[in-house]
Amino acid sequence: MEREVSALLFCLLLLPPLSSLCGLSQQRERIRDAKERELTDAELEAIVDLNDIDRFDEYLQPMLVRRVSGSAAHAAVRQHIIDSLESLGWTVETDDFVDAIPEVDDEMQGTLNFSNVIGTWNRDGGRNLVLGCHYESKYFSATSGFMGATDSAVSCAILIDIAASLTPFLQEQQIETGLQLMFFDGEEAFLRWSSEDSLYGSRHLAQLWQDTPHPLNDSCTMLDSIVRRRHFHAIPPHLVFRGEKKLDEAGIQRGIFVPQELLVVLDLFGTELGCSGCTRVLNFFEITSETYQEISTVESRLEFLGLLEPHQNDRTYFHPDPMFAEGFLEDDHIPFWERGVKVIHGMPFPYPPVWHKETDNADAIHWVTVENLLRILRGFTAQYLGIQPLSSPESSPPLFK
Ligand SMILES: [Zn+2]
């Protein structure tokens, strides 16, 4: 037994730390305890002051249309996302590709053009915290009026609004970690959910980034630019759990194995949370459980301080207790998680009552919940990045339009 433990320790010592494999992490090593990063009460108050529901609504309204992949309306929504981020001074790229789709009807079959949008604020090209959503709406039929206000226009508007409010701080303060937003295309299945018919955009982008050397260091891939939070100290349980050979020496040498990154995917936000019968977000991933709990702690502190809009709070929006069921719900985080990226799946479960119904329109939006979600998720993002919200930026923020 003892010999086995020693052998294991020996192997772990032999295993090179990720920093020696990928220069990006040497450049920006930062290991801090969750407590050290916690925003003070006054800082949480400052975060709440950054909320501006009219600004959020300006980002949201152009997305409240039927926006099926490949359609003109979808292209207009994509342009709105690009314009919004570029007007904030962000770098915006698209990942355009063609993929085959199943034959749904006369209108929808053959191949389709897809386009992921990636917005980045990163001063020196190092690692990023990534927030993601899918911006297309599901195709049901040529005559369907399904718009998907909560699936996932609201989540995408939350991402842009977080960017708008935090950009002035990212500009003025020495923030070690960049912030990146991914707007995925083609999350929805066209016919029946399967490994080929779903997650078109996230599958393409994850593979592309696994294959693309990082511009600053070709021993790193683009996947390495998603931020690493803590020391590499063990084989991530989810890789062992899946029984797949992700952790092999060749993979480490190629820099493909990136166990310490974080991608937070938001989906299906917008309906009421907090009431006793309401759906809630669950803590699904053991490897990111602690980070997930930082979100639920921000929520409970805001609640305790009276900094959330009054709402039914029979239950918290973000349920802190572990409920580890990795991969149980497939969404845009899966292709990244399968490649060793640490993920949080921020999505209410069970699905909200309007899910995949035509009633998922503007009327389905519960504004108090959205206002509170903005406070919680803005607080988490600021805390994670180490933003100091009390020192007000000198230059005026380059706000939308
Ligand atoms: Zn959906």
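Helices (H or I, at least four residues) and strands (E, at least two) are taken here as DSSP runs, numbered from the N terminus. The structure is a predicted model, in which local features need pLDDT of at least 70 and side-chain atom pairs count only at pLDDT 80 or more, while totals for chains, interfaces and linings use all residues. Residues are numbered from 1 along each chain as its sequence is written.

We turn to the peptide bonds. The bond from Asp151 to Ser152 is cis, with omega near 0°, and Ser152 sits within helix α8, which covers residues 149-172. Another cis peptide bond links Phe349 to Pro350, with omega about -5°. Pro350 belongs to the loop that runs between β11 (348-349) and α14 (367-385).

The loop between β11 and α14 is also home to His356. The phi angle of His356 is positive, about 60°, although this residue is not a glycine. His356 is exposed, with 12 other C-beta atoms within 10 Å; this label applies because a residue is called exposed if 12 or fewer other C-beta atoms lie within 10 Å of its own, buried if 20 or more do, and partly exposed in between, with C-beta atoms placed from the backbone.

A positive phi is likewise found at Leu199, a residue other than glycine, where the value is near 50°. Leu199 is part of the loop between β4 (178-184) and α9 (200-211). Is Leu199 buried or exposed? Leu199 is buried, because 25 other C-beta atoms lie within 10 Å.
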